Number of protein chains: 2
Amino acid sequence: MRLTMRLQEDSYDIIISRGALSRLGKVANLMNRKVLVVTDDGVPKAYADTVLEQCSDGVCLVLPQGEASKNLSNLEKVLSKLLSEGFTRRDVVVAVGGGVVGDLAGFAAACYMRGIAFINCPTTTLSQIDSSIGGKTAVDLNGVKNIVGAFYQPEIVVIDPDTLDTLTERHWVNGMAEAVKAGLIGDARLFELFETEDELPLEEILYRALSVKKHIVEQDEREASVRAALNFGHTIGHAIESEQGLGGLYHGECVALGMLPMIADKRLRARVKKVLEKLGLPTSTAFDAKRAAEYLRHDKKASGSKTVTTVRVDEPGTYRLEKTTFEELEALLSSDAFA
Amino acid sequence: MRLTMRLQEDSYDIIISRGALSRLGKVANLMNRKVLVVTDDGVPKAYADTVLEQCSDGVCLVLPQGEASKNLSNLEKVLSKLLSEGFTRRDVVVAVGGGVVGDLAGFAAACYMRGIAFINCPTTTLSQIDSSIGGKTAVDLNGVKNIVGAFYQPEIVVIDPDTLDTLTERHWVNGMAEAVKAGLIGDARLFELFETEDELPLEEILYRALSVKKHIVEQDEREASVRAALNFGHTIGHAIESEQGLGGLYHGECVALGMLPMIADKRLRARVKKVLEKLGLPTSTAFDAKRAAEYLRHDKKASGSKTVTTVRVDEPGTYRLEKTTFEELEALLSSDAFA
């Protein structure tokens, strides 16, 4: 399956195909340029090796697994590697791994020589369903996620669902939260798949979730308007994630929780809860609401604004944007949505 | 005087006006957003103070003067300052200083939150004539200049020629080399001004030099084709600059030298030499040609390419691009152009 992201300046293909990683050399022309593969030590080595075998001039950089790796120091490590290996604007960076690797390697490609080619090969459900497309690259700084980065589109995104076989159950489920989100904001049928299917049709889910994101990003690449819809579940989700710190709930788990208070309709909220429970995602107060509210207050102070734009879903497949005060958000954190 | 840079996505004004710095608050709407002024300790403090006085919520960061400051560590310093002061996408970074400050602050603005507003107030001839417009931002890494950065356009460029009064003679002259370059590649009248005028008409020179650059950048923002023309004098100039290291010849002085072997016509070369001498720029072998050739060879190895595109000028106001081998470049380094 293939999707094409059509943006003002760039267009690129998103390929979803079992075994795609072993065909990357041909698909992405890796033989005629230098290739730096960036991966992490939590990703099976075989995946990076599969890519390297298809290069005539490939090198590999392995980062430590985890969000803590997404920093300026590792960015410098990637940039120094590109420099010492003599990479030029004709060469390419290939990310093989999850969102951490993709965000960091993508940002390195964005700023090395003011931009060289970047290919993203996501190997987790979270990155295959969400973070690998859309062109957001970044690193964290002083505990703030994704605060330093670039909008930088990949040359191609190659999604090989076979790589998901090696994920732990919890990581696998984690990414599904973003697919549920995509269904709720843009594809009722996708949401219903989670309700009705016992054996989830993985490729259809990937295709439908990416299609929702693609259509939104095409309308608003730089997050000036409708792209905000992709943040459904993320405002409160981020507060919960900050409260948890590293080692707590995963991103998708926090998004799952964050969606619930943004669904005012009780019947729909019950349906969503049922789907999350079926998947094995959290639905109740597995976090400290008071501490999460403090993170919201901190955000408020930083933004200097009285309201934030939140995304609300009243029926699957559509959303609306709503100005919400921080006081209202704090109230939502303690609401019966998590009961 | 005002020029407007018209690019595909952004347009912005370049204002050239004595005393403009003291009107920046109004011109650039500094009262209704947070302002971070980035400057260095070689720039008179009064310039940054003039800007800060016009802000309701302004802070200042002073970097050490010199090219050595243009690194990832100082980039992090600027980014951390933006973060700790709670800057958002509605706020602005203002550079007050030369190319080092402009390149670094511009790159910080480009990647903080994936891009916040940037205003450039160049205070040296080199930055007023050349580096402040065109959207190239960057830092150096492991001794390689401008290897990490972004194409990122400022919101406005405000050029106050009064700030040049405090420059040393050598710094003043240094920037004029880029104006001579601009005349040679794109404005015969500008070149002739240097030949005929004893009292140089500073504002006209700024306006004409910036116009040449503007027209070229408008055709090729991302350096895919004609923008290469701006590199006239820079291929050999950079080799000389690398050979010199920090503390040697200035950038403009190296560009002045680098233009000479790219002018095959002996009569024109003699005219250019006369202009450079009149300005007080170097025209003969003030560098080690053998060592400079080694830097060229190193570039060759890194690029993996057999030729480089060089810019040639046969008569003032026009240029042509030519594929040149590294062997030919080495020969030019030892040619009689410097005799």
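# Exercises on a predicted two-chain model

B:Lys213 is buried, its relative accessible area being 7%. This value, like every other one below, comes from a predicted model.

## Exercise 1. Surroundings of a buried lysine

Task: place B:Lys213 in its helix, list its contacts beyond the sequence neighbourhood, and find the backbone oxygen its side chain reaches.

Solution.
- Step 1. The helix that holds B:Lys213 is α8 of chain B, residues 202-219.
- Step 2. Buried requires under 20% relative accessible area; B:Lys213, at 7%, is therefore buried.
- Step 3. With neighbours within four places in sequence set aside, B:Lys213 contacts B:Asp130, B:Ser131, B:Ile133, B:Gly134, B:Arg227 and B:Leu230.
- Step 4. The backbone oxygen in question belongs to B:Ile133, and the side chain of B:Lys213 reaches it at 3.0 Å.

## Exercise 2. Salt bridges within helix α8

Task: describe the salt bridge between B:Glu218 and B:Lys214, then the one between A:Glu204 and A:Arg208, and decide for each residue whether it is buried or partly exposed.

Solution.
- Step 1. In chain B, the closest N and O atoms of B:Glu218 and B:Lys214 are 2.7 Å apart.
- Step 2. These two residues are separated by about one helical turn, because they stand four residues apart in helix α8 of chain B.
- Step 3. B:Glu218 has 25% relative accessibility and counts as partly exposed, whereas B:Lys214, at 9%, counts as buried.
- Step 4. Shared partners also link salt bridges in chain A: A:Asp130, A:Glu178, A:Lys181 and A:Lys213 are joined into one network.
- Step 5. A:Glu204 and A:Arg208 meet through their side chains at 2.9 Å, N to O.
- Step 6. Both lie in helix α8 of chain A (residues 202-219), four residues apart, about one turn of the helix.
- Step 7. A:Glu204 is partly exposed at 30%, and A:Arg208 is partly exposed at 25%.

For context, the structure holds 48 salt bridges over all chains.

## Exercise 3. A partly exposed pair

Task: give the N to O distance between the side chains of B:Lys81 and B:Glu85 and classify both residues by accessibility.

Solution.
- Step 1. The salt bridge between B:Lys81 and B:Glu85 has an N to O distance of 3.6 Å.
- Step 2. B:Lys81 has a relative accessible area of 23%, so this residue is partly exposed.
- Step 3. B:Glu85 stands at 28% and is likewise partly exposed.

## Exercise 4. The buried side of a helix

Task: name the buried residues of helix α2 in chain A, explain why they share a side, and state what they pack against.

Solution.
- Step 1. Helix α2 of chain A spans residues 45-52, and A:Tyr47, A:Ala48 and A:Val51 are buried in it.
- Step 2. These residues lie on the same side of α2(A) because they cover an arc of only 95° around the axis.
- Step 3. Their packing partners in chain A are α1 (24-27), β3 (35-40), β4 (58-63) and β5 (92-97).

## Exercise 5. Two residues and their partners

Task: locate A:Leu75 and B:Arg170, classify each by accessibility, and list their contacts.

Solution.
- Step 1. A:Leu75 belongs to helix α3 of chain A, residues 72-84, and is buried at 2% relative accessible area.
- Step 2. Outside four places in sequence, A:Leu75 touches A:Leu104, A:Phe107, A:Ala108 and A:Val139.
- Step 3. B:Arg170 belongs to helix α6 of chain B, residues 169-186, and counts as partly exposed at 36%.
- Step 4. Not counting residues up to four places away, B:Arg170 touches B:Gly248, B:Leu249, B:Tyr250 and B:Glu253.
- Step 5. One polar atom of the B:Arg170 side chain lies 3.4 Å from the backbone oxygen of B:Gly248.

## Exercise 6. The contact between the chains

Task: describe the contact of chain B with chain A by residues, area and polar pairs.

Solution.
- Step 1. Chain B gives 35 residues to the contact and chain A gives 35 residues.
- Step 2. The two chains bury about 2800 Å² between them, with 55% of it on carbon and sulfur atoms.
- Step 3. In chain B, the residues that lose the most area to chain A are B:Leu83, B:Arg114 and B:Ile147, together 25% of what that side buries.
- Step 4. Two salt bridges cross the interface; B:Arg89 and A:Glu223 meet in a salt bridge at 3.3 Å, N to O.
- Step 5. Ten residue pairs are in polar contact between the chains, both residues at pLDDT 80 or more.
- Step 6. β8(B) gives the most to the side of chain B that touches chain A, with seven residues.
- Step 7. By class, that side of chain B has 16 nonpolar, eleven polar and eight charged residues.

Terms used
Residues numbered from 1 in each chain as written. Chains lettered and ligands numbered in written order. Predicted model: local features only at pLDDT ≥ 70, side-chain atom pairs only at ≥ 80, totals over all residues. Heavy atoms only, no water. Contact = heavy atoms within 4.5 Å. Buried area = accessible area lost by both parts, 1.4 Å probe. Salt bridge = Lys/Arg side-chain N within 4 Å of Asp/Glu carboxyl O. Polar contact = N/O pair within 3.5 Å; in protein donor to acceptor, adjacent residues only side chain to side chain. Nonpolar A, V, L, I, M, F, W, Y, C, P; charged D, E, K, R; others polar. Buried < 20%, exposed > 50% of the residue type's maximum accessible area, 1.4 Å probe, protein only. Arc of directions from axis to C-beta.
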